[in-house]
Amino acid sequence: MLTFEQKLEIIESFPELTRKDVSMKRVNFHYEESLYDKKIVVYHLHPTGNGFVYVGNLPHYEADKKGFVNIRDFSEKELRSILADSLDYLSLEPEPPYDKTWTNRENEKVDLVYDEPFWNVYAGKNLEESFGTFSDAEDYLMDQGFKEPKQ
């Protein structure tokens, strides 16, 4: 486990982050250039080594309901990786709204809807499938014989 000082050194190596000392010797780090209202990347880093990094709803992390992951037992590599992922996440433009009806040759219709962070396929009001990317949803629909509506 990294010490508090080691974690601080790693976090401070990210020039995008701004240190904010808070109560009880805890430290937060903000990303002021975030494209979202969320600006705190590192939350309540404590001298015990406990602390949290915001990852929102990135699928490869098990975050709490507020989007934070506990970094108490992270290695240097894991900490650098999660910080980079957090900054990338907060730097990405949100997906534009997408809600289009796809049709097959039998004139059956399904709706492809972007419900962050998932691309959901609905038949009427029933959820048929859910995907992490538009490309995966598109591949599935095309394999099932559906075509995207013309613009």
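Before you click anything, one cut-off: a residue counts as buried under 20% relative accessible area, exposed over 50%, and partly exposed in between. Keep in mind too that this is a predicted model.

**Stop 1: Gly-145.** Select Gly-145 in the segment after helix 3, which covers 134-143. Its relative accessibility is 35%, so Gly-145 falls in the partly exposed class. Now show what surrounds it: leaving aside residues up to four places away in sequence, Gly-145 touches Thr-103, Asn-104 and Arg-105. For a sense of scale, draw a distance from the C-alpha of Gly-145 to that of Ile-40; you should get 44 Å, for a pair 105 residues apart along the chain.

**Stop 2: the four-stranded sheet.** Next, pick out the open sheet whose strands run in the order 6-7-8-9, with antiparallel pairing. At its edges sit strand 6 (99-103) and strand 9 (126-131), each pairing on one side only. Look at how the strands twist: neighbours in this sheet are turned by 25° against each other on average, direction ignored. Zoom in on strand 8 (118-123), which pairs with strand 9 in the antiparallel sense over five bridges. Which residue of strand 9 stands opposite Ala-123? Select Asn-126 and you have it.

**Stop 3: the five-stranded sheet.** Move on to the other open sheet, ordered 1-2-3-4-5 and again antiparallel in its pairing. Here the edge strands are strand 1 (17-21) and strand 5 (68-70), and each of them pairs on one side only. The average turn between neighbouring strands is 20° in this sheet, direction ignored. Strand 3 (40-45) and strand 4 (52-54) are joined by two bridges in the antiparallel sense; for one pairing to highlight, take Tyr-43 with its bridge partner Phe-52 in strand 4.

Now add helix 2 (76-91) to the view. Helix 2 lies across strand 1, strand 2 (27-31), strand 3, strand 4 and strand 5, and runs at about 30° to strand 4.

**Stop 4: two backbone oddities.** Most residues other than glycine have a negative phi. With that in mind, select Lys-25 in the loop between strand 1 and strand 2. Phi of Lys-25 is near 65°, a positive value in a non-glycine residue. Lys-25 has 67% relative accessibility and therefore counts as exposed.

Then hop over to His-44, in strand 3. His-44 has a positive phi as well, about 55°, although it is not a glycine. Is His-44 buried or exposed? At 18% relative accessibility it is under the 20% cut-off, so His-44 counts as buried.

Note on methods. Residues numbered from 1 in each chain as written. Predicted model: local features only at pLDDT ≥ 70, side-chain atom pairs only at ≥ 80, totals over all residues. Heavy atoms only, no water. Buried < 20%, exposed > 50% of the residue type's maximum accessible area, 1.4 Å probe, protein only. Contact = heavy atoms within 4.5 Å. Pairing = 2+ DSSP bridges. Axes fitted to C-alpha atoms, helices over the stretch in contact; angles between N-to-C directions.
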